[in-house]
Amino acid sequence: MTALNRVPSLMVRAGTASALTIAAVGGSIVAPGFSSEASAATHGTKALQIAASKKGSPYKYGATGPHRFDCSGLTLYSFKKVGKKLPRTAAQQYNKTRHISAKNRKAGDLVFFHSGSNVYHVGIYAGKNKLWHAPKSGDVVRLQKIWTKSVWYGRVK
């Protein structure tokens, strides 16, 4: 997108849109070698925002959105919206991510809950030891504190 596409149309027609004018009206300037805030955001943080926008959506086993979700359906939907393809189940998603340590986790990484080697639940890490997820039948998509140490983290490639 060019800077002119982002400038209010009145200024474009008048031909008077300086860099200061664009900044004053909340526009952005596109210059070679620089990226806008939106394009600088990672796929993970964008997917996190999408998951958060689904707050209150009901849990439904097997659902992949846009109005109902199970846990892996929410992560699949959120990453699909930012152009990243994930498999359907939590375990398959774990196998497709780059595994990272808890100390290296970042907002937008996936949080995988496991029992032994069995991955049974997934959500999107939101920072401050919290995640967005679709918990279980009868519940809704929500932000929740991570309640166990039996988690692994993965970054979508």
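## A tour from the sheet outwards

Begin by selecting β2 and β6, which pair in the antiparallel sense over four bridges; two strands are taken to pair here if DSSP finds at least two bridges between them. What you have open is a predicted model, in which local features need pLDDT of at least 70 and side-chain atom pairs count only at pLDDT 80 or more, whereas totals for chains, interfaces and linings use all residues. Residues are numbered from 1 along each chain as its sequence is written, and side-chain values use heavy atoms, with hydrogens and water left out.

**The whole chain.** Colour the model by secondary structure, and seven helices and six strands should appear, in an order that runs α-α-α-α-α-α-α-β-β-β-β-β-β from the N terminus. Helices (H or I, at least four residues) and strands (E, at least two) are DSSP runs, numbered from the N terminus. Of the 157 residues, 36% count as buried, where buried means under 20% relative accessible area, exposed means over 50%, and partly exposed lies in between (1.4 Å probe, protein chains only).

**The sheet.** Now select the six strands together: they make an open sheet in the order β1-β6-β2-β3-β4-β5, with antiparallel pairing. Because β1 (97–100) and β5 (142–145) stand at the edges, each with a single partner strand, one side of each is left without a neighbour in the sheet. From one strand to the next, the twist averages 40 degrees.

**Strand β2 and its partners.** Select residues 110–115, which form β2, and add β3, with which β2 pairs in the antiparallel sense over six bridges. Leu-110 is a useful residue to click on, since on one side this residue stands opposite Ile-124 in β3, while in β6 its bridge partner is Gly-154. At Ser-115, the bridge partner in β3 is Asn-118. β2 and β3 form a hairpin with two residues between them, and Gly-116 in the turn has a positive phi of about 65 degrees. Switching to a surface view, you will find β2 mostly covered, with five of its six residues buried.

**The helices on the sheet.** Next show α5, which lies across β3 and β4 and runs at about 100 degrees to β3; such axes are lines fitted to C-alpha atoms, for helices over the stretch in contact, and angles run from 0 to 180 degrees between N-to-C directions. Then add α6, which packs on the sheet and touches β2, β3, β4 and β6 (151–156), its direction making about 50 degrees with that of β3. Contact here means heavy atoms within 4.5 Å.

**The two sides of α5.** Which residues of helix α5 (residues 43–53) are buried? They are Gly-44, Ala-47, Leu-48, Ile-50 and Ala-51, and because they cover an arc of only 165 degrees around the axis, they lie on the same side of α5. The arc is that of the directions from the helix axis to the C-beta atoms. The buried residues pack against α6, β3 (118–127) and β4 (130–133), whereas Gln-49 and Ser-53, on the other side of α5, are exposed.

**A last stop in a loop.** Finish by selecting Thr-89, found in the loop between α6 (71–80) and α7 (90–96). Is this residue buried, exposed or partly exposed? Thr-89 is partly exposed, with a relative accessible area of 34%. Add Val-122 to the selection: Thr-89 and Val-122 are 33 residues apart in sequence and 8.8 Å apart in space, C-alpha to C-alpha.
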